[in-house]
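I opened the model to go through its folds and its odd backbone spots. My notes follow in the order I looked things up.

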Amino acid sequence: MAMPKSDKPLRVGVVKFASCDGCQLGFLDLGPALLDIGLRFSIVEFGEASSRRAPDGPFDVLFVEGSISTDDQLRHLRHLRDRASLLVTIGACATSGGIQALRAWAGNDRGIAGFIAAVYATPEYVDTLATATPVADHVQVDAELRGCPIDTGQLVELLTATAIGRRPQLPSDAVCVECKRAGTVCVMVSRGEPCLGPIISSGCGALCPGMARGCYGCFGPRESANGGSLADWYRGSLGLSDERVAARFAGFTAWAPELREVIDAAGGPPGMRRAASTAASADADVDGGVA
Amino acid sequence: MSRATPHETPHETPPKVRVERTFAVDPLSRVEGEGRLRVVVRGDEVVTAELSIFEAPRFFERLVVGRHPDEVLDMVARICGICPVAYQMTAVEAFERLFQVQLDPQVRQLRRLFYWGEWLQSHALHIYLLNAPDFLGYDSALDMARDHRRIVERGLALKQAGVDLMKLIGGRAVHPVGMRVGGFYRLPSRAQTRAMLPVLDQALADAQETVRWTAAFELPDFERDPLMLSMYDREGYALDTGRLVATEGIDVDPGDWDTVFTEHHVEHSTALQATGIDGKHHLVGPSARIVLAGDALHPLAAEALESSGGVEVIRRNMFAAITARGVEMIHAIAESIAIIEAYQPPADAWQAWEPRAGVASWSSEAPRGVLFHRYEVDEQGHVTKARIVPPTSQNQLFMEDDLRGYVTGVLDLPEFEAAARLEALIRCYDPCISCATHFLRLEIERS
């Protein structure tokens, strides 16, 4: 994404769909830099931070948090896309569906109706789609910041690049590479801990291996990730059952295709496992979930 | 509040004959998540006072089914980016009680330090970035910073001190990765923790200054005498130990919240509303804690409370919650300093545990108030059923009552101004709509 330089402050919006608000909190975690952002950017819509609203823009840059999980959200997203020159998705929910995307496997149980009934006493009051999907499934996305949550360093890089009209420099290495750089001993080799590090993009600084635990995939699959091979390693060398293999992959970026296919092959996430005899019809339910 | 008052807008004359008027704020701003409020008044009679939460449901209580307790800790953090530790702490303590894990005392203290860090960052965020602009007449902290840059910087520094404590123990502040059943994945060294002391010394002075600042705010004249609920432990300020107590009658084990409260599902909200089984609802959060557990405050916090005007104004006036948060920041920092000064890392970061089937339930004090978790688990420790009740769902009916009571005092204002006053009242609860929307499992609505 590149934006022509301009002397006028860029009109910036921050909006959310289904999410925890933690990624937009990244803006408020910029510290005193937050106060200086106002010099180069004009924040015209940021509901969590300001009562002065411009919900319809127009926006030079619109940051979108959260995944699309209701019809209203889908309509609203399309409207916002029309009002924004650049649309940037922030965080695992917006870029790959987030933890709530796991509902797509509800078809292995009683479908989304079973999900609603598990939480709400009066299901007819609840309007929800059978899936929670990434923004890019529905509209064109110009740039993305991954992570659950996003890394504030990457946010600063993206804001800086946008302000001066160059491409942001974001890492594309695997978490494994970050461990090597940091001198962190491999938790999978030394402790037998299942770790998604070989197939997940860096961005966190290999936080979990640094804490002596396996990566659980906050930043999503890196390019040409081979999830099937890693899953075979879990089964063969670590002795994990299919259900535990699926559990490790079914985290915060589970709906990314490279992880999704491993979860499907392993029978679905825990609590949403496919019964062997109904595998075919359950697949149909999952695929037919949403427009 | 220094927003426009009737004096400042003499050209607006209130209608002589009051027909039906609707005050609506849609959506609410400077709250976490998506909600709206709507108050309908006919003549002087309030017909409707509704707080609607339209945040999309995410079904966490269903998503954790089939999961191992350590996975549950990582999942429930994602309920809220502002208070992930509250979810992790409540869940981990529920599981550890069921599995009869006896924590090392130093690990216990680090848990509290972790939680105080979250309180500090959450309270600083609310006081400085969300709530104070209402009292000083700004739309946002960014606008406020143009005139009061040093004050906003003080708030950001306080928030950063909380973030630093969370990073020290959990690796990062949003969705930290350090906690596991039985302890932590890794412990910070004594040197790493002591490096926080200069930051906390400055934060303590800043928090004391915060209370002096907010105590001087002019509060709208709106008083009531609410029922309140909080954790209480005479050995230490309300956090994650002791009993669950109310201003009247209730005194139960924190795992037994659901024996005295229930939840209802109403059409206008994706958050369930909690109420006592006797039909009464209780205020939870900083004001309730100060009233019910104030005798366990650190002396420095107690002193600040006293000089700010005392507990009575906090009990009666919701707008004084900003000062309650400031007093709690002082407590959080003072106790954090004491924990760090006494900290000696134990030999093991965590201890092994054996799963057993049963019910794991506990309550703790999230920054916004009482948070209740209940998990049914099988012999492997995997969850078969879950229920999570966040503080905002407990405060929901209370907020509607307060809208009802407060609106009659702002009827003479122009519509937009009256609506802004109502929104400012709701903001004092620091509603976390992201938290409240999803998860509440519900009982049948009582008639």
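I counted helices and strands as DSSP runs, with at least four residues for a helix (H or I) and at least two for a strand (E), numbered from the N terminus. The model is predicted.

**Chain A, overall**

On that count, I got 13 helices and five strands for chain A. I then asked what radius of gyration chain A has, against that of a compact globule with 291 residues. The globule would come near 19 Å and chain A has 20 Å, so the two agree. I put a box along the principal axes, and the C-alpha atoms of chain A fill roughly 60 × 55 × 30 Å. Of the 291 residues in chain A, 54% are buried. I also took the contacts in chain A between residues at least 6 apart in sequence, and found that 72% of them join residues at least 24 apart.

**The sheet of chain A**

I traced the order of the five strands in chain A as 2-1-3-4-5, in an open sheet with parallel pairing. Which strands stand at the edges? They are strand 2 (41-46) and strand 5 (143-145) of chain A; each has a single partner strand, so one side of each has no neighbour in the sheet. On average, neighbouring strands of this sheet are turned by 25° against each other, with direction ignored.

I looked at one pair in detail. Strand 1 (residues 10-16) of chain A runs parallel to strand 2 of chain A, and five bridges join them. Within this pair, A:G13 of chain A has A:E45 in strand 2 opposite.

Next I looked for helices on the sheet. Helix 6 (residues 152-164) of chain A packs on the sheet and touches strand 1, strand 3, strand 4 and strand 5 of chain A. The direction of helix 6 makes about 155° with that of strand 5 of chain A. Helix 3 (residues 71-83) of chain A lies across strand 1, strand 3 (59-65) and strand 4 (84-90) of chain A, and runs at about 130° to strand 4.

**Unusual backbone in chain A**

I kept in mind that most peptide bonds are trans and that most residues other than glycine have a negative phi. I noted a cis peptide bond between A:G57 and A:P58, with omega about 0°. A:P58 sits in the loop between strand 2 and strand 3 of chain A. A second entry is the bond from A:C148 to A:P149, which is cis with omega near 10°. A:P149 belongs to the loop between strand 5 and helix 6 of chain A.

For A:A212, I read a positive phi, near 65°. A:A212 is in the loop between helix 9 (207-210) and helix 10 (227-236) of chain A. Is A:A212 buried, exposed or partly exposed? It has 17 other C-beta atoms within 10 Å, so I entered A:A212 as partly exposed.

**Helix 3 of chain B and what follows**

I checked the span of helix 3 (residues 84-98) of chain B. Its 15 residues reach 22 Å from the first C-alpha to the last, close to the 21 Å expected at 1.5 Å a residue. Helix 3 of chain B is mostly covered, with 14 of its 15 residues buried.

After helix 3 of chain B comes B:Q100, with a positive phi near 55°. I placed B:Q100 in the loop between helix 3 and helix 4 (105-136) of chain B. B:Q100 has 9 C-beta neighbours inside 10 Å, and therefore I entered B:Q100 as exposed.

Note on methods
Residues numbered from 1 in each chain as written. Chains lettered and ligands numbered in written order. Predicted model: local features only at pLDDT ≥ 70, side-chain atom pairs only at ≥ 80, totals over all residues. Pairing = 2+ DSSP bridges. Axes fitted to C-alpha atoms, helices over the stretch in contact; angles between N-to-C directions. Contact = placed C-beta atoms within 7 Å. Expected span 1.5 Å × (residues − 1). Buried ≥ 20, exposed ≤ 12 C-beta atoms within 10 Å, placed from the backbone. Rg over C-alpha atoms; globule rule 2.2 N^0.38 Å.
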